[in-house]
Amino acid sequence: HVTMSAAGGTASVTVTASQPDCQWVAGAGFSWGLTLSGPTARIGTATLQYTFAPNPGAIRSGYVRMGDT
């Protein structure tokens, strides 16, 4: 769970793979103002960075899903 201010900002999450050759992919579950940085398909343990655009309106929620390929 990530809480971001109305000004937006950048956050990251580290995905720990069970094996060094484990392949995984990340995707966003909403279309408003979220950018995933770098490749969204990875192998092994890696950090995924994402940026939220400023939000001048109501509270928004969504998710970033990660799983094996």
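Let me start with a term: helices (H or I, at least four residues) and strands (E, at least two) are DSSP runs, numbered from the N terminus. The model you see is predicted, so local features need pLDDT of at least 70 and side-chain atom pairs count only at pLDDT 80 or more, while totals for chains, interfaces and linings use all residues. Residues are numbered from 1 along each chain as its sequence is written, and side-chain values use heavy atoms, with hydrogens and water left out.

Now the overall picture. The chain has six strands and zero helices. From the N terminus, the elements read β-β-β-β-β-β. The C-alpha trace spans about 40 × 20 × 15 Å along its principal axes. How much of the chain is buried? Of the 69 residues, 22% are buried. Buried here means under 20% relative accessible area, exposed means over 50%, and partly exposed lies in between, with a 1.4 Å probe and protein chains only.

On to the sheets. Strands of a sheet pair through backbone hydrogen bonds, either parallel or antiparallel. For pairing, DSSP has to find at least two bridges between two strands.

Take the sheet with β5 first. Which strands form it, and in what order? It is an open sheet of three strands, ordered β1-β5-β3, with antiparallel pairing. β1 and β3 are the edges, each with a single partner strand, so one side of each has no neighbour in the sheet. Neighbouring strands are turned by 25° against each other on average, direction ignored. Those angles come from axes, which are lines fitted to C-alpha atoms (for helices, over the stretch in contact), and run from 0 to 180 degrees between N-to-C directions.

Now the pairings. β1, residues 9-15, pairs with β5 over seven bridges, antiparallel. In that pairing V13 stands opposite L48 of β5. β3 and β5 also run antiparallel, joined by four bridges. There, L36 has Y50 of β5 as its bridge partner.

Stay on β3 for a moment. L34 sits in this strand. Is L34 buried or exposed? L34 has a relative accessible area of 17%, so it counts as buried. L34 and A53 are 19 residues apart in sequence, and their C-alpha atoms are 6.2 Å apart in space.

Look along β5 next. In a regular strand the side chains alternate between the two faces of the sheet. β5 shows that alternation: A46, L48, Y50 and F52 point to one face and are buried. T47, Q49 and T51 point to the other face and are not buried.

Two of those residues also form an aromatic pair. Rings of Phe, Tyr and Trp (its six-membered ring) pair if their centres lie within 6.5 Å; planes under 30 degrees apart are stacked, over 60 edge-to-face, and the rest tilted. By this rule the count is one aromatic pair. The ring centres of Y50 and F52 are 5.7 Å apart and the planes stand at 80°, so the pair is edge-to-face. Both Y50 and F52 are buried.

Next, the other sheet. It is open too, with three strands in the order β4-β2-β6 and antiparallel pairing. Its edge strands are β4 (41-43) and β6 (64-68), each pairing on one side only. Here again neighbouring strands are turned by 25° against each other on average, direction ignored.

β2, residues 23-28, pairs with β4 over three bridges. W24 has R42 as its bridge partner in β4, and Q23 stands opposite I43. β2 and β6 pair over five bridges, antiparallel. One bridge there links A26 to M66 of β6.

After β2 comes a loop. G29 is found in the loop between β2 and β3 (34-37). G29 has a relative accessible area of 30%, so it is partly exposed. The C-alpha atoms of G29 and V64 are 5.9 Å apart, with their positions 35 residues apart along the chain.Last, the largest pocket. A pocket, on a 1 Å grid over the protein atoms alone, is an open set of points where a 1.4 Å probe fits, with protein on both sides within 12 Å along at least five of seven lines; lining residues have an atom within 4 Å of a point. The largest pocket holds about 520 Å³ of space. Its lining has 21 residues, with V2, M4, W32, F52 and R60 nearest the centre. β5 (46-52) and β6 each supply at least two lining residues. The lining divides into 13 nonpolar, seven polar and one charged.

Notes:
Grid points are joined across faces, edges and corners, and a volume is the space filled by probe spheres set on the points. Ala, Val, Leu, Ile, Met, Phe, Trp, Tyr, Cys and Pro count as nonpolar, Asp, Glu, Lys and Arg as charged, and the others, Gly among them, as polar.
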